[in-house]
Amino acid sequence: MQPSKIEQTIPFKGKDYQSYLNRVPSDSLARVKNDRGDVFVDNTITLRLTRGNEKIFHKTFTKHNFSSLVSADFMKRAILEGMVFDKTTPQGMVYAVSVS
């Protein structure tokens, strides 16, 4: 997959937050082979949230961050495909993740 960057402003509790998502193919992660024998490079996705100059959140994710949600057999053949902002709730911001 190609590198991808998504920047957007998210209003939350009367303040604007900047969301930065950066997906990068990673040669340091194991290659993945699907059921048809196609080989893929896995991705890392970095999420950074700021409010003005204040750093709110910064983390780089791999598919293993979501291993408790899908089977180990599936994880062997899957890559971290994407992450997008979904919605806000009274508790915070919700992002959707695709491991496929």
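Let me begin with a term: a charge is said to sit over a ring if NZ of Lys or CZ of Arg is within 6 Å of the ring centre and within 35 degrees of the ring normal. In the structure above, which is a predicted model, R48 fits that description, since R48 lies over the face of Y20, at 4.1 Å from the ring centre. The residue R48 also has a partner across the strands, for it stands opposite H58 in β6.

That takes us to the sheet. Four strands make up an open sheet in the order β1-β2-β5-β6, and their pairing is antiparallel. The strands β1 and β6 stand at the edges, each with a single partner strand, so one side of each has no neighbour in the sheet. From one strand to the next, the twist averages 15°.

Let me stay for a moment with β5 and β6, where β6 covers residues 54-61 and the two strands pair in the antiparallel sense over 7 bridges. One of the pairs across these strands is formed by L49, whose bridge partner in β6 is F57. The two strands form a hairpin with 2 residues between them, and in the turn G52 has a positive phi of about 65°.

A positive phi also turns up at K13, where the value is near 50° and the residue is something other than glycine. K13 lies in the loop between β1, residues 4-12, and β2, residues 15-25. Is K13 buried or exposed? With a relative accessible area of 64%, K13 is exposed, and the cut-off that matters here is that exposed means over 50%.

There is a second hairpin to point out, formed by β7 and β8, again with 2 residues between the strands. These strands run antiparallel and are joined by 8 bridges, and within the pairing F85 stands opposite Y95 in β8.

Y95 leads us on to the interior. In general, nonpolar side chains in soluble globular proteins tend to be buried together. Here the largest nonpolar core has 13 residues, and those with the most contacts inside it are L47, M83 and Y95. Which elements give two or more residues to this core? They are β5, residues 43-51, β7, residues 80-89, and β8, residues 92-99, and the largest share, 3 residues, comes from β5.

If you look at L47 in the model and set aside its neighbours within four places in sequence, you will find it in contact with S19, Y20, L21, F57, H58, K59, F61, M83 and Y95. Among those contacts are M83 and Y95, which, like L47 itself, are named as having the most contacts inside the core.

My last topic is the aromatic rings, of which the structure holds 3 pairs. In F12 and Y17, the ring centres are 6.1 Å apart and the planes stand at 65°, so this pair is edge-to-face. F12 is buried, with a relative accessible area of 13%, and Y17 likewise counts as buried at 10%. F61 and F66 form a pair that is stacked, with 5.8 Å from centre to centre and 25° between the planes, and both of these residues are buried. F61 has already appeared in this talk, as one of the residues in contact with L47.

Conventions. Residues are numbered from 1 along each chain as its sequence is written. This is a predicted model: local features need pLDDT of at least 70, side-chain atom pairs count only at pLDDT 80 or more; totals for chains, interfaces and linings use all residues. Side-chain values use heavy atoms; hydrogens and water are left out. A nonpolar core is a set of buried Ala, Val, Leu, Ile, Met, Phe, Trp, Tyr and Cys residues joined through side-chain atoms within 4.5 Å. Buried means under 20% relative accessible area, exposed over 50%, partly exposed in between (1.4 Å probe, protein chains only). Contact means heavy atoms within 4.5 Å. Two strands pair if DSSP finds at least two bridges between them. Rings of Phe, Tyr and Trp (its six-membered ring) pair if their centres lie within 6.5 Å; planes under 30 degrees apart count as stacked, over 60 as edge-to-face and the rest as tilted. Axes are lines fitted to C-alpha atoms, for helices over the stretch in contact, and angles run from 0 to 180 degrees between N-to-C directions.
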